[in-house]
Amino acid sequence: MRRTLVAVALAALVATAGCAAFGGGDTDTDAAPTDDVVEPSDPAANATGVNQSIRLSVEDSVAGSEWTSLSVEYPRENFTVESAQHENVSLGVDTDGDGELDEQFNETHISGVNNNAYSFTVELDTGYTLASGDVVVVEYPAVNNPAEPGNYTVSVTLNDEQTTNATVTVE
């Protein structure tokens, strides 16, 4: 019986392990994620094609405006950003701070995905008006991690007006 219970618990853990990436990855299950983060689905050094989950809290500077873009700039000498197709980029907004997406958008809301070797910008036509306290969530599927483990500072810009620095940890 004990082995069965352990096997079922392990299966449940494995099955839900990837679910935290889009919802935030906060380890406190009683609190919704609130910190601005850029979190790789695979934090290993030299990992390629890594899905990056970006969570950014909306500040007053952009509140009241339509969500039109999100840009992420990595340290150019460490990360490599590949191009991604519109349908591979995921978008949403957590409006009530519970860590769940209340608004979701698909590739029809993306007017452009641009990248260079160290950054990407997703241009949007969402029709969604940002509110202070909203958390925008974007998953970008094509980032190559650096060869060296460490903490790297990444710059995230919302609507070309609000810029926040976040840390990406590579193991």
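**A tour from the sheet to the salt bridge**

Start by selecting strand 7 and strand 8 (residues 119-124), which pair in the antiparallel sense over five bridges. Strands here are DSSP runs of E with at least two residues, numbered from the N terminus, and two of them pair if DSSP finds at least two bridges between them. This is a predicted model, in which local features need pLDDT of at least 70, side-chain atom pairs count only at pLDDT 80 or more, and totals for chains, interfaces and linings use all residues. Residues are numbered from 1 along each chain as its sequence is written, and side-chain values use heavy atoms, with hydrogens and water left out.

Within this pair, pick Ile110; opposite, in strand 8, stands Leu124.

Now widen the selection to the whole sheet. It is open, has five strands in the order 7-8-3-10-11, and its pairing is antiparallel. Strand 7 (110-115) and strand 11 (162-170) are the edges, each pairing on one side only. On average, neighbouring strands are turned by 15 degrees against each other, direction ignored; the axes are lines fitted to C-alpha atoms, with angles from 0 to 180 degrees between N-to-C directions.

Next, show the aromatic side chains. The structure holds five aromatic pairs. Rings of Phe, Tyr and Trp (its six-membered ring) pair if their centres lie within 6.5 Å; planes under 30 degrees apart count as stacked, over 60 as edge-to-face and the rest as tilted. Select Tyr74 and Phe79: the ring centres are 5.0 Å apart and the planes at 40 degrees, so this pair is tilted. Keep Phe79 and add Tyr152, where the centres are 5.3 Å apart and the planes at 85 degrees, so the pair is edge-to-face. The two residues lie 73 residues apart, Phe79 in the loop between strand 3 (69-73) and strand 4 (80-81), and Tyr152 in strand 10 (residues 150-158).

Colour these three by accessibility, where buried means under 20% relative accessible area, exposed over 50%, and partly exposed in between (1.4 Å probe, protein chains only). Tyr74 is buried at 1%, Phe79 is buried at 1%, and Tyr152 is buried at 10%. Elsewhere, select Trp67, Phe105 and Tyr128, which ring pairs link into a cluster.

The last stop is the salt bridge, of which the structure holds one. The term requires a side-chain nitrogen of Lys or Arg within 4 Å of a carboxyl oxygen of Asp or Glu. Select Asp94 and Arg55, whose closest N and O atoms are 3.7 Å apart. Asp94 belongs to strand 5 (residues 90-94) and Arg55 to strand 2 (residues 50-57), 39 residues apart. Asp94 counts as buried at 0% relative accessibility, and Arg55 counts as buried at 1%.

How values were computed
Helix = DSSP H or I, 4+ residues; strand = E, 2+ residues; numbered from the N terminus.
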